[in-house]
Amino acid sequence: MSEQNNQPAELAIPGVADSIELPIYSGNIGPDVIDVGKLTSQGYFTYDPGFVSTASCESAITYIDGDEGTLLHRGYPIEQLADKSDYLELCYLLLNGELPGATAKAEFVHTIKNHTMVNEQLRTFFQGFRPDAHPMAIMCGVVGALSSFYHDSLDIDNPQHRMITAHRLIAKMPTLAAMSFKHAQGQPFIYPRNDLGYAENFLHMMFATPCEEYKVSPTLAKAMDRIFLLHADHEQNASTSTVRLAGSTGANPFASVAAGIAALWGPSHGGANEAVLTMLDEIGSVDNIPEYVRRAKDKNDPFRIMGFGHRVYKNYDPRAKVMQQTCHEVLEELGVQDNPVLAMAKELERIALEDEYFVEKRLYPNVDFYSGIILKAIGIPVEMFTVIFATGRTPGWIAHWCEMIGGNYKIGRPRQLYTGSPKRDFVDVADR
Ligand code: SDX
């Protein structure tokens, strides 16, 4: 919990006789915060476009230190979780705050397995989408529509309803994701199977057909589980903040997560993994990299190196390091370690990290830089990359939603700096 410091901040404003005392709060680790709530009564708003210096809430779920390149989930470093844990165990940790004992873990896995099917009527929703619909467009629609099947458990003030909804979302996202892929393929949907692990089940639903037995490679299932794990949560990023803002109005959790999916779709956020592969395809060869690095530094050129840079990390994104290691492992297991796309990505990273522009602006590879190369090696098509990100991020979204709704919260309602027209009288069209 936070606690108020003895010494408040003092804000001196020209023309305001007395300085304004603003409380300072400390968390357990990380920067203190200055509570500016009373500024409105003094006739002022704070101004922070993009919320670069704004803490929107108090949270105990994930901690990031951008300078150190640290990422903790409920205090556990992402490197240790990636090495020793698995995705469903991390889902439990994010939701409950502690790692599960063996019995609790087995019960959680059993619960998730028994919620992986979706209502048969949902299958008809997919018929309304063109075969070439982007799967993120489908996910925005069908996840929001899930709420129409659970009117019996949408009381957001009921902790049991919140937890069953969390389990349903974590369980059903892979099923819906695979359905959005199969729809585009014109292939029949494959039902989830309770004898398969979470990531194994997803890959089975993605690539199996009714025509023959399909065996998921344990290597690819492990890599898929690792990718879900690395995407599970990331503090108050744009899509999680969207889920919180939507949820703060009392909107149901399915609708709030659907809003998060929409926010994640953008190329500056979760759409970056798809954009990295598109960028590497456009660069085409290692010889062209210097020209593209030059373009990325040119203020007049909209080209940016996708998968590079981060609002918080001004050091290497710790997830990117694990992702790069996983990339080597998967490609080696698949016997494609001399993958030309990986070679290009590594050369692009080497050149960029030596370049003064990237060093001075502290731009490093982020979680999206290598993930797409692994996904492509697993056989996931590029247009499904952000759907994978959304599936992985679901426990983070719903854990933040549960933390907010289960605590004290207000409807989110920022203000603005108004630069429009002063008050003026209406002019009839005859007089304009
Ligand atoms: C994710 O918030 C999260 O936690 C997100 C995420 C999560 O898990 O939820 O980590 C997932 O979204 C990772 C980021 C994926 N996006 C990309 O890889 C797209 C490429 N990156 C950039 O668009 C950018 O770095 C952002 C959007 C990620 C961050 O933007 P900021 O913090 O607003 O920083 P900025 O755009 O102001 O950049 C600072 C400077 C600028 O130059 P100046 O105006 O100061 O001269 O760095 C430059 C930018 O032009 N810059 C880049 C660059 N990224 C920033 N220049 C070239 N290539 C880049 N990739």
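**Ligand, core and cysteines in a predicted model**

Colleague: In this predicted model, which residue has a side-chain N or O atom 2.8 Å from an oxygen atom of the ligand?

Modeller: A polar contact is a pair of N or O atoms within 3.5 Å. An oxygen atom of the ligand and an N or O atom in a side chain are 2.8 Å apart, so the pair falls within that cut-off. The side chain belongs to R311.

Colleague: How much of the accessible area of the ligand does the protein cover?

Modeller: On its own, the ligand has 1100 Å² of accessible area. Of this area, the protein covers 76%.

Colleague: Which residue offers a polar backbone atom to a nitrogen atom of the ligand?

Modeller: There are 24 residues around the ligand, and those that come nearest include H234 and R393. A polar side-chain atom of H234 lies 2.5 Å from an oxygen atom of the ligand, whereas the nitrogen atom is 2.7 Å from a polar backbone atom of I305.

Colleague: Which helix gives the largest share of the largest nonpolar core?

Modeller: This core has 114 residues, and among the members that touch the most others are L176, F202 and M224. The largest share, 12 residues, comes from residues 385–405, which form helix 17.

Colleague: Is C402 buried or exposed?

Modeller: C402 is in no disulfide, and the nearest cysteine sulfur, that of C91, is 12 Å away. Residues count as buried under 20% relative accessible area. The value for C402 is 15%, and therefore C402 is buried.

Terms used: Residues numbered from 1 in each chain as written. Predicted model: local features only at pLDDT ≥ 70, side-chain atom pairs only at ≥ 80, totals over all residues. Heavy atoms only, no water. Core = buried A, V, L, I, M, F, W, Y, C linked by side-chain atoms within 4.5 Å. Buried < 20%, exposed > 50% of the residue type's maximum accessible area, 1.4 Å probe, protein only. Helix = DSSP H or I, 4+ residues; strand = E, 2+ residues; numbered from the N terminus. Disulfide = S-S within 2.5 Å. Near = heavy atom within 4 Å. Polar contact = N/O pair within 3.5 Å; in protein donor to acceptor, adjacent residues only side chain to side chain. Areas by Shrake-Rupley, 256 points an atom, 1.4 Å probe, with all protein chains shown as cover.
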